[in-house]
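Student: I've got a structure to look at and I'm not sure where to start. Can we go through it together?

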Amino acid sequence: MKFVDEFRDPAKARALVKNIETLVAQIPICKKRPLQLMEVCGGHTHSIFKYGIEQMLPDAIELVHGPGCPVCVLPMGRVDDCVALAEHPNVIFTTFGDAMRVPGSRKSLNEAKAEGADVRMVYSPMDALKLARDNPDREVVFFALGFETTMPSTAFTILRAQAEDIDNFSVFCNHITIIPTIKAILDSPELTLDGFLGPGHVSMVIGSAPYEFISGHYKKPLVVSGFEPLDILQSVWMVLRQLAGGRCEVENQYQRVVPDAGNNPALTAVHRVFELREFFEWRGLGSIDHSGVRLRDAYAHFDAERKYSLPNLKIADPKSCQCGEVLKGAIKPWQCKVFGTACTPETPLGSLMVSTEGACAAVYNYGRIDLAEILKNREAAASQRSEQRA
Ligand code: SF4
């Protein structure tokens, strides 16, 4: 297929891996410990496991899976708010498919739907607005989530609703922003990252310039990357080329999609409709300053948080969940105590097992891991611990 096959060419992938191996030998730090490169975006995590990219890379490179899957970082309390909205008698609650399976503290949206709530899957906020137009006697709420990638479509929908004077449509806004998140990761003492693969879709909107502080202030290289196997391998090679040459810069591997200046009409709509929240709560990462947006006062009548009373509670993850540690890259998905047993894609305990972009789901579905061996080791460790206690 044109524009896909050429980015999955095995011979070119092998050549890139050879070039990566050559660069690894030139980077002094690789002699002491593995280089840690974070792929920020969940789309990259998915591709990395799907195409076995981690296995192709030399052992001296460790890929750390970042928090760029918006469904995965949604805190449980916000899911509970969605359920409360969906259970409102006159509401049609609309959402993207992934979000329906994310567990809340009482139930998921899927379970609420099974119990009678009117929850409907949509492909875009404009679909939700059409539902509002078609059902003037009902209230339609759209569950808006995602980074800057999906923010413009929500903004344009609100502008359209305003222009058409539609008053039975509102948005439960959970949009988050990438730059404060990367900054929080860089400030985390638990991580020693050497470079980044920058998110492709977000950058399509914001461009590559907003990442300059990463190379300027934190002295780490970042390469905005595409999602096909050759994109990712070439981006790894570009990060290594910088490290081997003693440089740290922002480079754009995904130039066929990402304009360095971003998408001006999309950014204009976003700034017109949204303003930064003082802080936003992230699953596993806690509260991050200015990392989420809400609707400006001029659009308050489309804001579900102001239109309805919501529980708005801070709910801790179940004790057995280690989503936070996986999100921060502190442990690998299969090192979570419940990976593959209590938590599977069919019965997710944590949100990282729900979305196809979640690190746990990606490893479970595509990871070259021996689950039987992991479970055997886990049982052996548990029985050793109980013997020591006895
Ligand atoms: S296995 Fe489940 S509970 Fe554990 S980190 Fe992954 S999603 Fe969270």
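Tutor: Sure, let's take the sheets, then the helices, then the domains and the ligand, keeping in mind that this is a predicted model.

Student: Which strands stand at the edges of the sheet of four strands?

Tutor: Start with the order, which is β4-β3-β5-β6 in an open sheet with parallel pairing. A strand at the edge has a single partner, so one side of it is left without a neighbour in the sheet. That picks out β4 (119–121) and β6 (169–175).

Student: What is the average twist from one strand to the next there?

Tutor: Stay with the open sheet in the order β4-β3-β5-β6. Going from one strand to the next in that sheet, the twist averages 25°.

Student: And in β4, which residue stands opposite T95?

Tutor: Find β3 first, at residues 91–95, and its parallel pairing with β4 over three bridges. Now look across from T95 into β4, and you land on M121.

Student: Which helix packs on that sheet and touches β3, β4, β5 and β6?

Tutor: Look for a helix whose direction makes about 140° with that of β3. Residues 76–86 form that helix, and β5, one of the strands it touches, covers 139–146. Another helix, α7 (residues 151–164), lies across β5 and β6, running at about 160° to β6. The helix touching β3, β4, β5 and β6 is α4.

Student: Now the sheet of five strands: which strands are at its edges?

Tutor: Same trick, read the order: β2-β1-β7-β8-β9, an open sheet with parallel pairing. Each edge strand has a single partner, so one of its sides has no neighbour in the sheet. The ones you want are β2 and β9 (250–252).

Student: What is the bridge partner of V223 in β9?

Tutor: Strand β8 covers residues 222–224 and pairs with β9 in the parallel sense over three bridges. Follow the bridge from V223 into β9 and you reach E251.

Student: How far apart are the axes of α7 and α12?

Tutor: Two packed helices are described by the angle between their axes and the distance between the axes. For α7 and α12 (residues 264–273), the angle is about 65°, and α7 passes α12 in a left-handed crossing. The distance between their axes is 8 Å.

Student: How many charged residues are in the contact of α7 with α12?

Tutor: From α7 come M151, P152, A155, F156, I158 and L159, and they meet A266, A269, V270, R272 and V273 in α12. By class, that contact has ten nonpolar residues and no polar ones. The charged count is one.

Student: Zooming out, what distance separates the centres of domain 1 and domain 2?

Tutor: The domain assignment gives domain 1 as 1–317 and domain 2 as 323–389. Their contact takes 28 residues from domain 1 and 22 residues from domain 2. Taken over C-alpha atoms, the centres are separated by 23 Å.

Student: Which element gives the largest share of the side of domain 1 that touches domain 2?

Tutor: The elements giving two or more residues to that side are α2 (42–50) and β2 (61–68). By class, that side has 13 nonpolar, nine polar and six charged residues. The largest share, six residues, comes from α2.

Student: Last one: which residues come nearest to the ligand?

Tutor: The shell around the ligand has twelve nonpolar, two polar and no charged residues. Of the 14 residues around the ligand, the nearest are C323, C336, C343, G350 and C360.

Note on methods: Residues numbered from 1 in each chain as written. Predicted model: local features only at pLDDT ≥ 70, side-chain atom pairs only at ≥ 80, totals over all residues. Pairing = 2+ DSSP bridges. Axes fitted to C-alpha atoms, helices over the stretch in contact; angles between N-to-C directions. Contact = placed C-beta atoms within 7 Å. Domains from an automatic or database assignment. Nonpolar A, V, L, I, M, F, W, Y, C, P; charged D, E, K, R; others polar. Near = placed C-beta within 6 Å. Left-handed = near helix turned anticlockwise from the far one by under 90°.
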